[in-house]
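The following exercises concern a single protein chain. Each consists of a task and a solution worked out in steps.

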Amino acid sequence: MKTISFYLFFSLFLTTVSAQQNDAVGSLAIQLEKKITPSFSASFYNQYAFNENYSEVGYALFDLGINYRLNSNFTLGINYRILSLKNLENNYDQRQFLYGDVAWSKNKGDFTLNIRSRYLTKYYGTHFAENENFRVNKHYLRNKVLLKYELNYTYSVFVSTEQIYRLDHLYKTEQWRYAGGLNYRINTRNRLQLSYSISQQVNKKAPDRNYTTGLTYYYKF
């Protein structure tokens, strides 16, 4: 039954990806995680996204973070991210992010449920002082629910939904992001993830919808 579920999921995944190839955006990423103590860990994440059907680099980001596991269910995290984003003049603007996470996870048989809430501040420039950047800071809540199913030791599949909620003076949802994917565990330290996501803007006059295929390599040590 698990093998049948795997092939059904993977066939649906490939069909959906191929159906959106005219809008294709792809990403390649690597994440490194270092266990410092049984409760503390540090992480590094690097991602490149390719627009125009994979013909140009749309953005590149670097992310550093520290996580603290309170117990078997709750984890706290704080991260700094810097992003270079291509603009309409074919130059790259800089964005900075500071964010904190509270995550809860629970295992039940072959299923794992993860719920995460993130408070994020976006800075438009190289400074944390708002009046020194070219645009005012923006503040968000990003709430995500992810459900994973273990097919066997090597393979697992997942689906997720994320709400991107704008704070400041707006207080409304700006985007919904839906994703699904396949995890391949090489061994206890190495893992690959193939994912596909749809990002849908809401509460805008001309909302955009983006389709992204991603490949991420994870290494824990």
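**Exercise 1.** Determine whether serine 105 is buried or exposed in this predicted model, and identify its contacts beyond the adjacent sequence.

*Solution.* Step 1: the relative accessible area of serine 105 is 18%. Step 2: the limit for a buried residue is under 20%, so serine 105 is classed as buried. Step 3: serine 105 belongs to strand β5, which covers residues 92–108. Step 4: when residues up to four places away in sequence are set aside, serine 105 touches Ser72, Asn73, Leu113 and Asn114.

**Exercise 2.** Classify isoleucine 78 by its accessibility and place it within the nonpolar surface patch.

*Solution.* Step 1: isoleucine 78 has a relative accessibility of 56%. Step 2: exposed residues are those over 50%, and isoleucine 78 therefore counts as exposed. Step 3: isoleucine 78 is part of strand β4. Step 4: a nonpolar surface patch of about 800 Å² includes Ile78, together with Ile36, Phe40, Ile66, Tyr68, Leu70, Phe74, Leu76 and Val102. Step 5: at least two patch residues come from each of β3 (56–69) and β4 (74–86), and β4 provides the largest share, 3 residues. Step 6: Ile78 is also among the contacts of tyrosine 99, and Tyr99 is one of the 9 residues of the largest nonpolar core.

**Exercise 3.** Which parts of the chain does the pair of tyrosine 80 and phenylalanine 128 tie together, and which cluster do ring pairs form with these residues?

*Solution.* Step 1: the whole structure contains 8 aromatic pairs. Step 2: in one of them, tyrosine 80 and phenylalanine 128 meet edge-to-face, at 6.3 Å centre to centre and with 65 degrees between the planes. Step 3: tyrosine 80 is in strand β4, whereas phenylalanine 128 is in the loop between β6 (111–124) and β7 (135–150), so the pair ties together parts 48 residues apart in sequence. Step 4: both residues are partly exposed, tyrosine 80 at 26% relative accessibility and phenylalanine 128 at 44%. Step 5: phenylalanine 128 also forms an edge-to-face pair with tyrosine 123, at 4.9 Å centre to centre and 85 degrees between the planes. Step 6: tyrosine 123 is buried, with a relative accessible area of 9%. Step 7: ring pairs thus link Tyr80, Tyr123 and Phe128 into a cluster.

**Exercise 4.** State how many helices and strands the chain has and what percentage of its residues is buried.

*Solution.* Step 1: the chain has 1 helix and 11 strands. Step 2: of its 221 residues, 36% are buried.

Methods: Residues are numbered from 1 along each chain as its sequence is written. This is a predicted model: local features need pLDDT of at least 70, side-chain atom pairs count only at pLDDT 80 or more; totals for chains, interfaces and linings use all residues. Side-chain values use heavy atoms; hydrogens and water are left out. Patches are made of residues with over 30% relative accessible area and no salt bridge: like charges are joined within 9 Å, nonpolar side chains (Val, Leu, Ile, Met, Phe, Trp, Tyr) within 5 Å. Accessible areas come from the Shrake-Rupley method with a 1.4 Å probe; for residues, only the protein chains shown count as cover. A salt bridge is a side-chain nitrogen of Lys or Arg within 4 Å of a carboxyl oxygen of Asp or Glu. Helices (H or I, at least four residues) and strands (E, at least two) are DSSP runs, numbered from the N terminus. Buried means under 20% relative accessible area, exposed over 50%, partly exposed in between (1.4 Å probe, protein chains only). Contact means heavy atoms within 4.5 Å. A nonpolar core is a set of buried Ala, Val, Leu, Ile, Met, Phe, Trp, Tyr and Cys residues joined through side-chain atoms within 4.5 Å. Rings of Phe, Tyr and Trp (its six-membered ring) pair if their centres lie within 6.5 Å; planes under 30 degrees apart count as stacked, over 60 as edge-to-face and the rest as tilted.
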